[in-house]
Amino acid sequence: DLLEPPSRSHLFGTDELGRDILSRVIFGARISLTVGLVAVAIAGVIGTLLGLVSGYVGGFVDSLVMRLVDVVLAFPGIILAILIMATLGPSLINVMIAVGISAIPWYARTVRATTLVVKETDYVLAARAIGSSSSRIMYRTVLPNVITPVIVLATIGIAGAILAISGLSFIGLGAQPPSPEWGSMLSQARLYIQRAWWITTFPGLAIMISVLAINIIGDALRDALDPRLRGTVKE
């Protein structure tokens, strides 16, 4: 069953080793989505903590954190991820770490900007007046009010993480064969693209549809969680 075109027995056809493409695309979804979620979790948690502390404490701490963020932003995200992968070595765990680290600055800057506004509100000033500690104010009062943009950014970030992870796997720095990760599948199939179009078409469509669907969900969350945008849409 080598390189069979799509048929009733194999809806997406088979690859150069006779493996069913549909089965590999389905199992690859588990890998790509899990890795994307973990990478975004790494970036979201670390970036949120850095942005929260930087925006609330201010002064030298703020300057230090923002300069570190600026240094990371000086490198394109995919280039930074490649540098990290070249240091750590190719594996799924390392690619999650690499993509997560490269996305930290976006969360840190977003949370810092929101924290600078929230910390001047009346309820934060009231918490200070009754003697609440800085750590309690940050995590019990400020954090719940700055988490909304992080949720939206994380949702859209999953799509970017899937693209980055697929790209790294395509060049051999991510998932390794025989893992059915979509980028790795594209990398293995590129040698047969002229003979068997389905080998590259279906993994590529899986990436495109997943990224498109996640971006649509992210846009819907942004409209739902931002009252100003919700009101604009209704008008």
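**Exercise 1. The loop after helix 6**

Task: Find where P178 lies, then state the geometry of the peptide bond that leads from P177 to P178.

Solution.
Step 1. P178 sits in the loop between helix 6 and helix 7 (182–189). Helices here are DSSP runs (H or I, at least four residues), numbered from the N terminus.
Step 2. The bond from P177 to P178 is cis, and its omega is near 5°.
Step 3. Most peptide bonds are trans, and most residues other than glycine have a negative phi.

Two notes on the source: the model is predicted, so local features need pLDDT of at least 70 and side-chain atom pairs count only at pLDDT 80 or more, while totals for chains, interfaces and linings use all residues. Residues are numbered from 1 along each chain as its sequence is written, and side-chain values use heavy atoms, with hydrogens and water left out.

**Exercise 2. A backbone angle before helix 1**

Task: Determine the sign of phi at L3. Is L3 buried or exposed?

Solution.
Step 1. L3 belongs to the segment before helix 1.
Step 2. Its phi is near 50°, a positive value in a residue other than glycine.
Step 3. L3 counts as buried because its relative accessibility is 16%. The classes are buried under 20% relative accessible area, exposed over 50%, and partly exposed in between (1.4 Å probe, protein chains only).

**Exercise 3. A salt-bridge network**

Task: Trace the salt bridges that involve D15, E16, R19 and R24.

Solution.
Step 1. Apply the criterion: a side-chain nitrogen of Lys or Arg within 4 Å of a carboxyl oxygen of Asp or Glu. The structure holds seven such bridges.
Step 2. Start at D15. Its side chain meets that of R19 at 2.8 Å, N to O. D15 also pairs with R24, with the closest N and O atoms 3.9 Å apart.
Step 3. Move to R19. E16 bridges to R19, with the closest N and O atoms 4.0 Å apart.
Step 4. Shared partners join D15, E16, R19 and R24 into one network.
Step 5. Check burial. D15 is buried at 3% relative accessibility. R24 is buried at 10%. E16 is buried at 16%. R19, at 21%, is partly exposed.

**Exercise 4. Helix 1 against helix 2**

Task: Describe how helix 1 and helix 2 cross, and list the residues that make the contact.

Solution.
Step 1. Helix 2 covers residues 59–73. Its axis and that of helix 1 come within 7 Å and cross at roughly 140°. Axes are lines fitted to C-alpha atoms, for helices over the stretch in contact, and angles run from 0 to 180 degrees between N-to-C directions.
Step 2. Helix 1 contributes L50, V53, S54 and V57 to the contact, and helix 2 contributes G59, V61, D62, V65 and M66. Contact means heavy atoms within 4.5 Å.

**Exercise 5. A nonpolar surface patch**

Task: Which residues make the nonpolar surface patch, and which helix gives the largest share?

Solution.
Step 1. V45, I46, L49, L50 and Y139 make a patch of about 400 Å². Patch residues have over 30% relative accessible area and no salt bridge; nonpolar side chains (Val, Leu, Ile, Met, Phe, Trp, Tyr) are joined within 5 Å, like charges within 9 Å. Areas follow the Shrake-Rupley method with a 1.4 Å probe.
Step 2. Helix 1 (residues 21–57) gives the largest share, four residues.
Step 3. Y139 lies in helix 6 (residues 134–170). Y139 is partly exposed because its relative accessibility is 37%.

Terms used:
Helix = DSSP H or I, 4+ residues; strand = E, 2+ residues; numbered from the N terminus.
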